[in-house]
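Here are some notes on how the two parts of this protein meet, set out as numbered points for reading beside the model.

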Amino acid sequence: MSNIPPLDLKRQYQAIGADVSAAVLEVLASGAYIGGPLVKNFEQQFATYIGTAECVGCNSGTDALYLALRAMNIGAGDEVITTPFTFIATAETISGVGAKPVFVDIDLATFNLDLTQLAAAITPRTKAIMPVHLFGNPVDMTELMSIAAQYNLVVIEDCAQATGAKWQGQPVGRIGHFGCFSFFPTKNLGACGDGGAITVNDPGLADDLRMLREHGSRERYYHEAIGVNSRLDAIQAAILQVKLPHLDLWNQQRATVASRYHQLLANIPGIITPQATPGGESAWNQYTIRVVAPVGMDTADPRDRLPTLRDRVRASLLEAGAIAMIYYPLPLHLQSVYADLGYAVGSFPNAERVSQEVLSLPMFPELTVEEQQRVVYALKDAIDTCR
Ligand SMILES: *Cc1c(COP(=O)(O)O)cnc(C)c1O
C-alpha cells in the first residue's frame, strides 16, 4: 500500500490539468509574461470573489503582508500585534519593515489570537493588528474589528491559509483593512509556483500598493519610494483564473473530509479534534488535532526538542504509511531570531503547549474515505502503543 501524503497536488492536476495546461500554453504563445490583461482580469476576479473593490497581485503571501505594512507607513518605532503560533512570514514582515512584533497568546480551542488578551498588549506605539486565520479557521472578526476601532488600529488579515473561509458569511480578507493571501501551491487556492494578493477597498491604498510592488513607481522610471519587485506572473494568474471557479467546491470537499475525521476521531482519549470558531466557516487548510500527554509525561520547554508523545505518535503513523505534519514545532517568541524581543518560556503558555501537541493529519479535497480510515486506524493504534 502506498503512503498517504499530507496533500497530493497531482490528483488536482489529474482532474483539471488539461485546462491548466491550455491556459499556460496560451500565455507562452502570447509573449506577454509580466503584467498584461490576464493579471488584471485575475485581480478583478479575485476582488469580486472576496467582495472588495480592489485586488493587487504580488509575488507571495509574504510580500502581500509586507506591502500592506508599507502602504500604511508602518516602520521603525511602531508595534504590530500578532500571534506567536503561526508561520514565520507573519512576524517576519513586521520585522522586515523595521517595526516590532508584539505577540499575544492564542486560544486553545481555535489556535487563533486570544482576543480577550489583545487590549492589554496595545501601547501608544501600536499601529496595527495582524490576525492569522490559522489552518483556515477564521478569527472572530466582529470582536477584533471592534477592538481595532476603539484604539484606531489598522487590521491586516493574514489569510494565507484561509482563502474562501468565511466569518459570519463574509469571506475573510474583506472585513479587515487589508486581506493578504498566498497562492503557494499548498494553500487552498494554489498556483504552480509563488504568488500572492492583497484585497483592499480603498482605491488610494490599492494605488499605493501597486506603486510599492513596482519599484516605488507610478510612472515608469520615476520613483517616489523605495519599493520592491513583487509582481504576480501572467502564467500564475492564468493558472489561478482556471482554478478559482473550483475553489468553493474544493473547500466543501475539505469540510467533508474534516467532518469525517470528527466522526472517526470522536471520543478517543488523548485526542482533541479541532473546532471551528463559532460564527466562522473554516477553509480547512489543515486538520490539526492535539495529542495530549498524561500529566508529567512531556517536558515544558519546546526548545529542548525532546520527543513528545505527539512526536512518537507521528513516527508510528509514518511506519503505518500515513504522513502527518507538525505546524508549528516552536512558537515564534522562542525562535532564536527573536531572542532580543525579551520573551521567555512561559510567556505564552497556550502557544507553547500546543506546539508540543499539534499534529496535522492528511487533508486535501481528493482524500478518499478509505485513506481517512487508514489514517484513523493507524492513529488509534499509535496512541495505544505510545501512551
Ligand atoms: C504560507 C503563509 C504565509 C506566506 O505565504 P508565501 O506565499 O509562502 O510567502 C504567510 N502566513 C501564513 C500563515 C502562511 O501559512
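How many residue pairs are in polar contact across the interface of domain 1 and domain 2?

1. The rule finds 26 such pairs across this interface, with both residues at pLDDT 80 or more; a polar contact is a pair of N or O atoms within 3.5 Å, where within protein one must be able to donate a hydrogen and the other to accept it, and residues adjacent in sequence count only if both atoms are side-chain atoms.

2. This is a predicted model, in which local features need pLDDT of at least 70 and side-chain atom pairs count only at pLDDT 80 or more, while totals for chains, interfaces and linings use all residues. Residues are numbered from 1 along each chain as its sequence is written, and side-chain values use heavy atoms, with hydrogens and water left out.

3. Domain 1 spans 9–245 and domain 2 spans 247–386, with bounds that come from an automatic or database domain assignment. The contact (heavy atoms within 4.5 Å) takes 46 residues from domain 1 and 41 residues from domain 2.

4. About 3600 Å² is buried between domain 1 and domain 2, and carbon and sulfur atoms give 59% of this area; buried area is the accessible area (1.4 Å probe) that two parts lose on being put together, summed over both. Of the area that domain 1 buries against domain 2, Arg11, Leu108 and Phe135 supply 20%, more than any other three residues.

5. Between the domains the count is 1 salt bridge, defined as a side-chain nitrogen of Lys or Arg within 4 Å of a carboxyl oxygen of Asp or Glu. Arg11 forms a salt bridge with Glu371, with 2.7 Å between the closest N and O atoms.
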